[in-house]
Amino acid sequence: MYESVLEFLKKEKAHKHVVLVLNKCDSVPNWVTGAPIQLLRQFSRLHSDKKQISVGFMGYPNVGKSSIINTLKSGKVCRVAPVPGETKVWQYINLSKRICLIDCPGIVPTSAHDSETSTVLKGVVRVEALPTPSEHIPTLMELYISPGRTACLFRTHTTRAGDGKPKIS
Ligand SMILES: Nc1nc2c(ncn2[C@@H]2O[C@H](COP(=O)(O)OP(=O)(O)OP(=O)(O)O)[C@@H](O)[C@H]2O)c(=O)[nH]1
Ligand SMILES: [Mg+2]
């Protein structure tokens, strides 16, 4: 999470628990997905003097905050989309009588040291909104396409020619 947000929470809301959630780990075993609910129940027991605890979901746009809430609720309570900026206002969802979840719009810190390209590559800007999307491709290639991976990409375009021999297209 962003340093500025953590700093703020430490100074102004020292009583808040901060949990770092790594989402989009599609290959994790099912039992891992049960853990967040247990953790939230623990927090609610820890604050049994309070009527209800509120759990805010903060992060860059499009990282899957609303999806996590839908998973926790086992249903579609928040709108989800493959583009950043889907959640526009805070939404309160009761997970149980004692636990309230808050779906927040994604935040992009203004003081970030990120270059425009790294912001684009993090997926926080709609590609349609970029005047020249192609200018970010060289960095994308540099960062993510290693020589080994390039070979893989070529292999996916391999088709069988009529003589049964692989043909690179
Ligand atoms: N592969 C994969 N995709 C996911 C996962 N979680 C969410 N997504 C996808 O990521 C996209 C964004 O999900 P959202 O839940 O709308 O993300 P968000 O953080 O709420 O986005 P904003 O509301 O724009 O801030 C959607 O297309 C989801 O289907 C995941 O665990 N794995
Ligand atoms: Mg959302």
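How many helices and how many strands does the protein have? There are six helices and five strands, and you're looking at them in a predicted model. If you walk along the sequence from its start, the elements come in the pattern α-α-β-α-β-β-α-α-α-β-β. Of the 169 residues in the protein, 10% count as buried. As for contacts with a separation of 6 or more, 45% of them are between residues 24 or more positions apart.

Let's begin with the sheet. Three strands make up an open sheet, and their order is β1-β3-β2, with mixed pairing. At the edges sit β1 and β2, each of which pairs on one side only. On average, neighbouring strands here are turned by 25 degrees against each other, if you ignore direction.

What does "mixed" look like up close? As a bit of background, strands of a sheet pair through backbone hydrogen bonds, and they can do so either parallel or antiparallel. Take β1 and β3 to begin with: these two run parallel and are joined by five bridges. One place to look is I53, which stands opposite I99 in β3. Now turn to β2 and β3, which run antiparallel and are joined by four bridges. Here you can find Q91, whose bridge partner in β3 is D103. These two strands, β2 and β3, form a hairpin, with four residues between them.

Next up is helix α3, which covers residues 65-73. Which of its residues are buried? They are K65, S66, I68 and I69. Looking down the axis of α3, you'd see these buried residues fall within an arc of 155 degrees, so they line one face of the helix. And what do the buried residues of α3 pack against? Their partners are β1 (53-57), β2 (91-94) and β3 (99-103). In other words, α3 packs on the sheet you just met, touching β1, β2 and β3. The direction of α3 makes about 150 degrees with that of β3.

The loops on either side of α3 are worth a stop too. Most residues other than glycine have a negative phi. Two residues here go the other way. N62 has a positive phi, near 70 degrees, and is not a glycine. You'll find N62 in the loop between β1 and α3. After the helix comes S74, with a positive phi near 55 degrees; S74 is not a glycine either. This residue belongs to the loop between α3 and β2.

Are N62 and S74 buried or exposed? To decide, you count the other C-beta atoms within 10 Å: a residue is buried at 20 or more and exposed at 12 or fewer. N62 has 22 such neighbours, so it is buried. S74 has 7 of them, so S74 is exposed.

Finally, have a look at ligand 1. Which residues come nearest to the ligand? Of the 19 residues around it, those are G64, S66, S67, T87 and G106. You've already met S66, one of the buried residues of α3. Sorted by class, the shell around ligand 1 contains seven nonpolar, eight polar and four charged residues.

Technical notes
Residues are numbered from 1 along each chain as its sequence is written. Chains are lettered from A and ligands numbered from 1 in the order in which they are written. This is a predicted model: local features need pLDDT of at least 70, side-chain atom pairs count only at pLDDT 80 or more; totals for chains, interfaces and linings use all residues. The arc is that of the directions from the helix axis to the C-beta atoms. Two residues are in contact if their C-beta atoms, placed from the backbone, lie within 7 Å. A residue is near a molecule or strand if its C-beta atom, placed from the backbone, lies within 6 Å of it. Ala, Val, Leu, Ile, Met, Phe, Trp, Tyr, Cys and Pro count as nonpolar, Asp, Glu, Lys and Arg as charged, and the others, Gly among them, as polar. Two strands pair if DSSP finds at least two bridges between them. Axes are lines fitted to C-alpha atoms, for helices over the stretch in contact, and angles run from 0 to 180 degrees between N-to-C directions.
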